[in-house]
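Subject: Structure for you to look at

Hi there,

Here is the structure I promised to pass on. Have a look when you get a moment, and then read on for what I found.

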Amino acid sequence: MDRRRLLVVSALSPLAALALSGPARAASEHTFGFASDGSAFLLDGKPFQIRAGEMHPARIPVEYWRHRIRMAKAMGMNTIALYVMWNYVEERPGVFDFRTDRRDFEAFVRLCQAEGMWVLLRPGPYVCGEWDLGGIPSYLLSDSDIALRVSGDARYLSAVRRYIDQLVPRVRPLLIGNGGPILMIQIENEYGSFGNDSSYPARIRQMWLDGGITGPFYTEDGLDQVRANHSNVSGGAIALSGGDAASIAQARRAFPDVPAMAGEVYPGWLTHWGDPGFQGGGSDISADLKAFMDKGLSFNIYVIHGGTSFGFFAGANADDLSGHYQPDITSYDYSAPITEQGVATARYHSYRSLIAGYLPAPLPEIPAPVPTLDKTTCVPKPFASVWDNLPAALPAERTVRPQPFEMYGQNFGFALYRLTLHDYSGGKLDIQWVHDYATVFLNGKYSGGFSRTRIPDAVARALHVTNDNAPLGLQDPAAVGDAPVLDILVEGMGRTNFGHALVDRKGILRTVALRDAGRLSGELTGWQMYLLPMDEAYVAALRPKLSDPARPGVFFEATVALDKPADTYLDMSRWTKGFVYVNGRNLGRYWQIGPQQRLYCPAPWLRKGQNRIVIFDQHLTRAQPITFERTLV
């Protein structure tokens, strides 16, 4: 070990002397800041290397928070980076929840401190993170002309201020200067990849200052983006997406007054529905880690542990020009060193060995793996129908034309658009546009569907689903009788979380018409509309009624007896498309197009004795087996 490396290690490792430099020390004994020439981060006045691993409490069962933090620590990290997802804590305007279940980021930060770990806080308001709308609340989309992530829309900025005003009193006691473990707060996220209005990140920073929090702050962006669009903030450090040692050196030359770090080092990558396989498995960041450790450079592994986008919170990507829409899978495994289920991968062990070679003290032991269930199989039974569990229709004056979910205050789930077709003479159904997946029925008979996501041709043919919202041929009039009832059941999938297509409303966006011989016969108006959030409360209130067992839109249930709960994956490969709820918890979406076929179910969501599983499948009317497996693949 050369002298330079010895100096870096001795100054930078709280693991080596936690009692002397760890975050558990008294408030008055800690300071954090930047060297006057921007050459280093300083902890208690001495150069400090941030070795961060990112994980998101919203994606991890609360009971496993400590385990995952300890896994990161045992790989050689001294810091945890985390997002706070705004739309997870404020689903309704002005109604905040920072306590229920995985929303209590303060408890997570305190747990990091108890485990001797520092924290980088990334509260947005925009976070990306393959999370619905990048963490921005979808209620903002109820304004038809809203503009997001800009300084010129007072409605958006007012909502951001309300959010930051809620964060300020929660974050203040967690700052390092007040005895907490938070070293820095990130301002927005990757704004240079979105816009070039440097006044916008400055206004977000000012909101924190107005609340009495003066930093330290930092920003995150690609090096080219921050140089071109000036998305950094005054006095704030610079973190680089996809950063390496060379780009840190370039950033230091371009911005010599503040330190730079590799803010997102990617050990894997995100996966979309319909991808040929799980993405990012070939990534190996060993060379980057070695360079960081050789030079004492700060870094954040994004993500060291991904977890799961439970429920409806998985996001999507969409091309700004073509509109090509790619929703993200439920699993956020990300090919990270720590798997979705908390297991250390082969790369975890190699990264741990590499980092340990630079540290003067041994790393903690790796926490024991979480137990898994033995393989077993159950076969659910149909027990209810969405058609027998419709809520009251919205007032007719509000549904003359179909409108997106957000116009009625619904964030997630499904909506049913219903219309009686007087003088029906057949033709093709033309919808502008379906966001994102719809099944269509005439007088209760399945007619086909629409998919905004391009699905394999074989699947599209089997389900009579059109790709890219192409018009759908309907039944012959003689087959459905006079004045048939048209039902369009629309599922909203993940909202776009990156790029300029963020305003991604769900449901039917504009018009519905019938097309005959290539010509439109006119817009269809006078709809009934039913909001179906499909949340835990809706599922808990289902009436066990199935008046038409042959009509798709069926809920299935099974009861599974367990002697001892343990982690498991539910294999849904024999099903088509839908959601799974276990003991009232929404595990997330499954879809036959893959590549994900198994849904993670953590042990704390199971119980000794009887466990109820509910499945909503959009196409099947006959139940298929479900197998409990040990791993994602």
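Below are my notes on the annotated domains, two helix pairs and two sheets.

Please keep in mind that this is a predicted model.

**The annotated regions**

Two regions come with names from UniProt. An unreviewed entry there gives residues 41–356 as "domain: Glycoside hydrolase 35 catalytic". Within residues 41–356, helix accounts for 29% of the chain and strand for 16%. The C-alpha atoms at the two ends of that stretch are 21 Å apart.

The other annotation, again from an unreviewed UniProt entry, is "domain: Beta-galactosidase galactose-binding", covering residues 554–611. Here the chain is 57% strand and 0% helix, and 20 Å separates the end C-alpha atoms.

**Two helix pairs**

A pair of packed helices is described by the angle between the two axes and the distance between them. So here are both values for each pair, starting with α6 and α7: helix α6 (residues 154–171) packs with helix α7 (residues 199–210) at an angle of about 40°, and the axes are 9 Å apart. Roughly parallel would need an angle under 35 degrees, so α6 and α7 count as oblique to each other. Their crossing is right-handed. On the α6 side the contact is made by Tyr156, Leu157, Val160, Arg161, Ile164, Leu167, Val168 and Val171; α7 contributes Tyr200, Arg203, Ile204, Met207, Trp208 and Asp210. Sorted by character, the residues of this α6–α7 contact are 11 nonpolar and three charged, with no polar ones.

The other pair is helix α10 (residues 286–295) with helix α11 (residues 346–356), whose axes come within 10 Å and cross at roughly 15°. That angle makes α10 roughly parallel to α11. This crossing is right-handed as well. Ser286, Leu289, Lys290 and Met293 of α10 meet Tyr351, Leu354 and Ile355 of α11. The residues of the α10–α11 contact divide into five nonpolar, one polar and one charged.

**A six-stranded sheet**

Next is an open sheet of six strands with mixed pairing, in the order β20-β19-β18-β22-β16-β25. Which strands stand at its edges? They are β20 (465–467) and β25 (528–532); each has a single partner strand, so one side of each is left without a neighbour in the sheet. From one strand to the next, the twist averages 15°.

Inside this sheet, strand β16 (residues 413–420) pairs with strand β22 (residues 485–492) in the antiparallel sense, over eight bridges. If you want a place to start looking, leucine 416 stands opposite leucine 489 in β22.

**A four-stranded sheet**

Finally, four strands form an open sheet with antiparallel pairing, ordered β14-β32-β27-β30. Its edge strands are β14 (376–378) and β30 (598–601), and because each has a single partner strand, one side of each lacks a neighbour in the sheet. Neighbouring strands here are turned by 25° against each other on average, direction ignored.

Strand β27 (residues 568–571) and strand β32 (residues 626–629) run antiparallel and are joined by three bridges. Tyrosine 569 is the residue to find in this pairing, standing opposite glutamate 629 in β32.

Happy to talk any of this through once you have had a look.

Best wishes

Notes. Residues are numbered from 1 along each chain as its sequence is written. This is a predicted model: local features need pLDDT of at least 70, side-chain atom pairs count only at pLDDT 80 or more; totals for chains, interfaces and linings use all residues. Side-chain values use heavy atoms; hydrogens and water are left out. Two strands pair if DSSP finds at least two bridges between them. Axes are lines fitted to C-alpha atoms, for helices over the stretch in contact, and angles run from 0 to 180 degrees between N-to-C directions. Angles under 35 degrees count as roughly parallel, over 145 as roughly antiparallel, 65 to 115 as roughly perpendicular and the rest as oblique. A crossing is left-handed if the near helix is turned anticlockwise from the far one by less than a right angle, and right-handed if clockwise. Contact means heavy atoms within 4.5 Å. Ala, Val, Leu, Ile, Met, Phe, Trp, Tyr, Cys and Pro count as nonpolar, Asp, Glu, Lys and Arg as charged, and the others, Gly among them, as polar. UniProt positions are given in the numbering used here, feature names are shortened, and annotations may be inferred rather than shown by experiment.
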